[in-house]
Amino acid sequence: MSEASDEEAPDEDVDAGEDVPEEPTSKREALFIAGGVTVASALAVGSAFSDEHAGTPWMLGSLAIVYTALAAFTVWRLRARGELDEQLRPRGGDLTVGAVVAAVLYGVATGVHLLVTSPPSPRAAWIMHVYATLGDPAAEGRHLLGGAVFVVAALEELVWRGLVQRALLAPFGWLRAWLLQAALFGVAHLPTMFLLGDARVGPNPLLVAAGVAYSLVWGRLAMRMDRLPPALFAHALFTWGVFEFPIWSP
């Protein structure tokens, strides 16, 4: 009788609610998560930058709907794995680090524009098409829209670095996970190559190239800090800055 009780004790302890180490993400699960997020993001991006929605509130709306749903799943998964508090609890200096990284990336974007897409180069059409989709910079409520851009970018970062990159880490190792998440972020923006292309200079690579390059920065920052808030601020502040202080204007 005592032997049976001893054998059942571990099961009773588990049922009582003790923390059980989460199983590492399998390669199959990681690829399923990464692929699903990439497809969902690409559909949202394609809708947002389409001729029908460009420059309208629905442009951000389509992105917000998809990323809100994906962010909710990300938070649920982090909580289920016991990682929510350590990954999302803000600390002193997070905003400063994010702001510095965002400022550096804004400077890089400005430099690339001056070298590659500034008039009189015909490639100026690429950046003109990007900003044309964002609407009139002098429109009423522009700053409210800027706030929405900040929130959507933060949700985007939460999903890509908090879900996709973290899912890829265990089965693929940090280097391949880091490179793969950046490549997939670029793939998610492939629709913009054609939706924002120009008949004279061809498909528009700006958002794809920027997405890959900056994802490497945000992804490495999230890995280096082993927390998400600095990368969240960096991504959100950079995107807000590009919107509120246009690199190119008519």
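This report walks through selected helices, buried residues and salt bridges of the structure above. The model is predicted, so please read each value below as computed from that prediction.

**Two helices, one straight and one bent**

Let us begin with α9, which covers residues 206-225. How far apart are the end C-alpha atoms of α9? They are 28 Å apart, which agrees with the 28 Å that its 20 residues should span at 1.5 Å a residue.

Helix α7 tells another story. This helix runs over residues 142-188 and has 47 residues, yet its end C-alpha atoms are only 26 Å apart. A straight helix would reach 69 Å at 1.5 Å a residue. Where in α7 is there a kink? The kink is centred on F172 and is about 130°.

**What lies under cover in α9**

Several residues of α9 are buried, among them V208, Y214, W218, L221 and M223. Glycines G211 and G219 are also on that list, as are S215 and A222. The cover over these buried residues includes α5 and α7, together with α8 (191-195) and α10 (229-244).

G219 is worth a closer look. Its relative accessibility is 0%, so G219 counts as buried. Leaving aside residues up to four places away in sequence, G219 touches R161, Q165, W178 and Q181. The C-alpha atoms of G219 and A177 are 9.3 Å apart in space, while the two residues are 42 residues apart in sequence.

**Salt bridges between distant parts**

How many salt bridges does the structure hold? There are eight, and the table shows three of them.

| Pair | Closest N to O distance |
|---|---|
| E83 and R166 | 3.4 Å |
| R227 and D94 | 2.6 Å |
| D226 and R166 | 4.0 Å |

The side chains of E83 and R166 meet in a salt bridge. E83 sits in the loop between α3 and α4 (84-88) and R166 in helix α7, so this pair ties together parts that are 83 residues apart in sequence. E83 has a relative accessible area of 15% and is therefore buried.

R227 and D94 form a salt bridge too. This pair links distant parts of the chain, with R227 in the loop between α9 and α10 and D94 in helix α5, 133 residues apart. Are these two residues buried or exposed? Both R227 and D94 are buried.

Next comes the salt bridge in which the side chains of D226 and R166 meet. D226 lies in the loop between α9 and α10 and R166 in helix α7, so the pair ties together parts that are 60 residues apart in sequence. With a relative accessible area of 45%, D226 is partly exposed. D226 follows α9 and has a positive phi, near 55°.

R166 appears in two rows of the table, pairing with E83 and with D226. Along with R81, these residues are linked in a network of salt bridges: R81, E83, R166 and D226.

**Helices α3 and α5**

S62 lies in helix α3, which covers residues 57-80. Its relative accessible area is 5%, so S62 is buried. Not counting residues up to four places away in sequence, S62 touches A44, S47 and A48.

On the surface, V100, V104, V108 and V112 make a nonpolar patch of about 310 Å². One of these valines, V108, has its place in helix α5 (residues 94-117). V108 counts as partly exposed because its relative accessibility is 40%.

Key
Residues numbered from 1 in each chain as written. Predicted model: local features only at pLDDT ≥ 70, side-chain atom pairs only at ≥ 80, totals over all residues. Heavy atoms only, no water. Helix = DSSP H or I, 4+ residues; strand = E, 2+ residues; numbered from the N terminus. Buried < 20%, exposed > 50% of the residue type's maximum accessible area, 1.4 Å probe, protein only. Contact = heavy atoms within 4.5 Å. Expected span 1.5 Å × (residues − 1). Bend = angle between axes of the 7 residues up to and from the residue. Patch = residues over 30% accessible without salt bridge, like charges linked within 9 Å, V, L, I, M, F, W, Y side chains within 5 Å. Areas by Shrake-Rupley, 256 points an atom, 1.4 Å probe, with all protein chains shown as cover.
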